[in-house]
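Visitor: Before we talk, could you put the sequence and the model in front of us?

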Amino acid sequence: MPPSFVYKIPESVLVVIHTIDLQVLLLKRVGPKRGWQSVTGSKAYPKEGLEMTACREVQEETGLIIGSENVPMQALCNWQHQLQYVIYPIWRHRYAPGVTHNTEHWFGLTLPLPFSPLLSPDEHIAWQWLPWRDAAERCFSPSNRAAILQLPSRMK
């Protein structure tokens, strides 16, 4: 790795962005696995809080600023759910040698209406809003699919 390379921290967030009527925003990845997913991303530094990671990733991947007049902080909900999964071999080079697992923390972001996200072109090439069941079916990640399938029970 180049001297300026910094390994990813194996702790991340998954943010399911959805409307009150359970429309879910999916983003299509660039690169070798062009699957559909919710907003995801790793901590930028070890002491970065999970809510801060979620806010930063939402802004980087969609342009939405959580905590702004249009998207209050209360719209973001930490689902208090985490799981550990095996990092896909295709992405392990981003992590320190020997790191094979990531811990993912789930969040929901409730919006009144769909919006048109401003995509980061080096991360995503397309977006779509889908009803929650269709969105879950479209996700390539089993954990992302499971999170979306929990959405109706999380809205109660």
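Guide: One term comes before the rest: a salt bridge is a side-chain nitrogen of Lys or Arg within 4 Å of a carboxyl oxygen of Asp or Glu. This is a predicted model, in which local features need pLDDT of at least 70 and side-chain atom pairs count only at pLDDT 80 or more, while totals for chains, interfaces and linings use all residues. Residues are numbered from 1 along each chain as its sequence is written, and side-chain values use heavy atoms, with hydrogens and water left out.

Visitor: In what order do the elements of the protein run from the N terminus on?
Guide: Helices (H or I, at least four residues) and strands (E, at least two) are DSSP runs, numbered from the N terminus. The protein has 4 helices and 7 strands. From the N terminus on, their order is β-β-β-β-α-β-β-β-α-α-α.

Visitor: What radius of gyration does the protein have?
Guide: The C-alpha trace spans about 45 × 30 × 30 Å along its principal axes. The radius of gyration is taken over C-alpha atoms, and the globule rule is 2.2 Å times the number of residues to the power 0.38. For 156 residues a compact globule would come near 15 Å, and the protein agrees with this, having 15 Å.

Visitor: Which element gives the most to the largest nonpolar core?
Guide: A nonpolar core is a set of buried Ala, Val, Leu, Ile, Met, Phe, Trp, Tyr and Cys residues joined through side-chain atoms within 4.5 Å, where buried means under 20% relative accessible area, exposed over 50% and partly exposed in between (1.4 Å probe, protein chains only). The largest such core has 20 residues, and those with the most contacts inside it include Val15, Ile17 and Val58. Strand 1 (11–19), strand 2 (23–29), helix 1 (50–62) and strand 6 (101–111) each supply at least two of its residues. The greatest contribution, 4 residues, comes from helix 1.

Visitor: Which residue of strand 1 does Lys43 form a salt bridge with?
Guide: Lys43 lies in the loop between strand 4 (39–42) and helix 1, and its partner is 32 residues away, so that the pair links distant parts of the chain. Lys43 is buried, at a relative accessible area of 13%, whereas the partner is partly exposed, at 23%. The closest N and O atoms are 3.2 Å apart, and the partner is Glu11.

Visitor: How far apart, N to O, are the side chains of Glu60 and Arg56 where they meet in a salt bridge?
Guide: Because Glu60 and Arg56 are 4 residues apart in helix 1, about one helical turn separates them. Arg56 also meets Glu48 in a salt bridge (2.9 Å, N to O), and Glu48 is buried with a relative accessible area of 2%, whereas Glu60 is partly exposed at 37%. Glu48, Arg56, Glu57 and Glu60 are linked in a network of salt bridges. For Glu60 and Arg56 the N to O distance is 3.3 Å.

Visitor: Which side chain of opposite charge is nearest to Arg29?
Guide: Arg29, found in strand 2, is buried yet has no salt bridge; for the charges, Lys and Arg count as positive and Asp and Glu as negative, with His and the chain ends not counted. Its contacts (heavy atoms within 4.5 Å), leaving aside neighbours within four places in sequence, include Trp91, Arg94 and His124. The nearest side chain of opposite charge is 5.9 Å away, and that residue is Glu123.
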